[in-house]
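Reader: I am new to this structure. Please take me through one part of it closely, and then show me what surrounds that part.

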Amino acid sequence: MNNEDGLLELRNQLDSIDNELLDLINQRMKIVHKVGALKAKSGGAIYRPEREKAIIDRLEEINKQKNGLLNRSAIEALFLEIFAISRNLELPENIGYLGPEGSFTHQAAEARFGAMSSYIAISSIKGVFREVNTKKVKFGVVPIENSSNGIVTDTINCLSTYDLKIIAEVVLDIHHTLATKCDKVSDIKRIYSKDIAFEQCRRFLTNFGLDEAELIPIESTTKAAKIAANEEGSAAICPHVGAKLNNLPILFENIEDKDNNKTRFFIISDFENAPSGNDKTSILVKFPDRQGVLVEFLTDFNEAGINLTKIKSHIVEGNSIFFIDFDGHKDDENVKKVLQKHTNSVKVLGSYVKEINDI
């Protein structure tokens with residue numbers, strides 16, 4: 001058998017496997033449709049992060065036992081998209097995110113809900129919370145913290161104000177590109193981006209002499225890409241997806257100063273998750289004005305064997321509050337006892353599948 005005959009045979013095998021995959025996926029979708037009908041009657045939630053995690057965990061274990069070639073990331077990439085398509089068959093629902101289109105928050109939303117979902121860009125974090133609260137969108141995606149710039153105050157304020165629940169977290173590695181129609185760095189006279197992006201790429205700008213270009217702050221990196229695509233001598237610091245949306249060539253990739261720059265996002269909605277066995281809970285705490293109250297609170301968690309992973313203080317409407325993450329689900333027995341003891345001080349924001357310990 002010559003090479004061409006061998007390739008034809010392999011392609012025929014691939015076609016046969018693809019046909020089987022299509023049939024199996026259609027069979028899955030028929031069952032999904034039945035599940036959706038039952039959920040519609042009972043009012044059950046369509047998006048169940050703990051159920052999706054359990055499926056991914058099970059498939060990863062099977063894959064290891066069979067010495068499969070796929071790693072966990074590849075399994076997630078395939079099945080999270082299948083889950084997203086399934087949800088849209090069960091009950092198409094809108095996802096609101098802090099826009100504009102092409103932002104990192106948009107990227108985080110797609111990472112969980114897939115390319116097939118219906119996305120609505122909303123211009124402010126408060127706007128995202130408001131639209132979820134009024135049920136114009138079922139899910140909202142907002143940033144909560146960045147490894148370089150800390151906690152997002154607007155998100156904390158809204159978590160304090162609105163009675164919505166965190167149902168999932170998404171952690172993205174943040175990468176910036178320098179995108180421009182200029183062929184050479186020396187042709188770039190102006191660079192558009194957000195203030196925070198300029199700060200995160202300061203060393204790159206200095207090393208390439210671009211700190212001498214006019215740095216023009218703008219409200220979004222996607223808008224920066226749009227301007228640079230239509231203005232001679234201009235460039236944008238923006239995410240890869242923002243450059244792609246505006247057909248703007250990328251001159252340099254990954255220009256951020258720190259290679260471990262991450263942003264954590266929350267997915268918010270109007271329901272609560274069941275325990276998954278690997279959960280994290282977020283709370284807001286406003287302590288009474290009494291000496292030693294914080295120490296007592298932390299001691300209760302320690303004695304209950306609860307691992308606190310984050311504690312940050314904030315001022316909300318003139319009051320000092322603490323944003324706290326800890327391992328475990330709010331319905332775990334040891335957690336319930338501590339929360340009940342401090343019920344007048346604590347607002348439970350949600351329990352959700354843990355993606356990462358901290359950033």
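How many bridges join strand 6 to strand 9, and do the two run parallel or antiparallel?

Author: Four bridges join them, and the two strands run antiparallel. Strand 6 covers residues 177-180, and strand 9 covers residues 234-238. Keep in mind that this is a predicted model.

One residue pair shows the match. Leu-178 has Ile-237 of strand 9 as its bridge partner. In general, strands of a sheet pair through backbone hydrogen bonds, either parallel or antiparallel.

Now widen the view. Strands 6 and 9 belong to an open sheet of five strands. The order is 8-7-9-6-10, and the pairing is mixed. Read along that order and you find strand 8 (214-217) at one edge and strand 10 (250-252) at the other. Each edge strand has a single partner strand, so one side of each is left without a neighbour in the sheet. Neighbouring strands here are turned by 30° against each other on average, direction ignored.

Next comes the setting in the chain. The protein chain is divided into domain 1, residues 176-253, and domain 2, residues 279-351. The C-alpha centres of the two domains lie 42 Å apart. The chain has twelve helices and 15 strands. Its C-alpha trace spans about 75 × 60 × 40 Å along the principal axes. Of its 359 residues, 45% count as buried.

There is another sheet to set beside the five-stranded one. Four strands form this open sheet, in the order 13-14-12-15. Its pairing is antiparallel. Strand 13 (308-316) and strand 15 stand at the edges. Each has a single partner strand, so one side of each lacks a neighbour in the sheet. The twist averages 15° from one strand to the next. Look at strand 13 and strand 14, residues 319-327. They pair in the antiparallel sense over eight bridges. Ile-311 stands opposite Ile-324 in strand 14.

Now go past the end of strand 15. Glu-355 forms a salt bridge with Arg-112, and the closest N and O atoms are 3.2 Å apart. Glu-355 lies in the segment after strand 15 (346-353) and Arg-112 lies in helix 4, so the pair ties together parts that are 243 residues apart in sequence. The two ends differ in cover. Glu-355 counts as partly exposed, because its relative accessibility is 38%. Arg-112 counts as buried, because its relative accessibility is 12%.

Arg-112 leads to its helix. Helix 4 (residues 104-113) is mostly covered, with seven of its ten residues buried. Those buried residues are Phe-104, Thr-105, His-106, Ala-108, Ala-109, Arg-112 and Phe-113. Right after the helix comes Gly-114, with a positive phi near 80°.

The structure holds 25 salt bridges. Side chains of opposite charge can pair when their charged atoms come close. Take Glu-131 and Lys-136. They form a salt bridge whose closest N and O atoms are 3.8 Å apart. Lys-136 is exposed, at 53% relative accessible area. Glu-131 is buried, at 17% relative accessibility.

Take Glu-219 and Lys-223 too. Their side chains meet in a salt bridge, at 2.8 Å from N to O. Glu-219 is exposed, with a relative accessible area of 53%. Lys-223 is partly exposed, at 38% relative accessibility. Elsewhere, salt bridges that share partners join Lys-53, Asp-57, Glu-60, Lys-64, Arg-72 and Glu-76 into one network.

Pick Lys-64 out of that network. Its place is in helix 2, residues 49-65. Lys-64 counts as exposed, because its relative accessibility is 52% and the cut-off for exposed is over 50%. Compare its position with Glu-212. The two are 148 residues apart along the chain, and their C-alpha atoms are separated by 53 Å.

Finish at helix 1, residues 3-42, where Leu-21 is found. Leu-21 counts as partly exposed, at 45% relative accessibility. Leu-21 also belongs to a nonpolar patch on the surface, together with Leu-14, Ile-17 and Ile-25. The four have about 350 Å² of accessible area together.

Back to your starting point. Strand 6 and strand 9 are an antiparallel pair with four bridges, set within the five-stranded open sheet.

Methods:
Residues numbered from 1 in each chain as written. Predicted model: local features only at pLDDT ≥ 70, side-chain atom pairs only at ≥ 80, totals over all residues. Heavy atoms only, no water. Domains from an automatic or database assignment. Patch = residues over 30% accessible without salt bridge, like charges linked within 9 Å, V, L, I, M, F, W, Y side chains within 5 Å. Areas by Shrake-Rupley, 256 points an atom, 1.4 Å probe, with all protein chains shown as cover. Buried < 20%, exposed > 50% of the residue type's maximum accessible area, 1.4 Å probe, protein only. Pairing = 2+ DSSP bridges. Axes fitted to C-alpha atoms, helices over the stretch in contact; angles between N-to-C directions.
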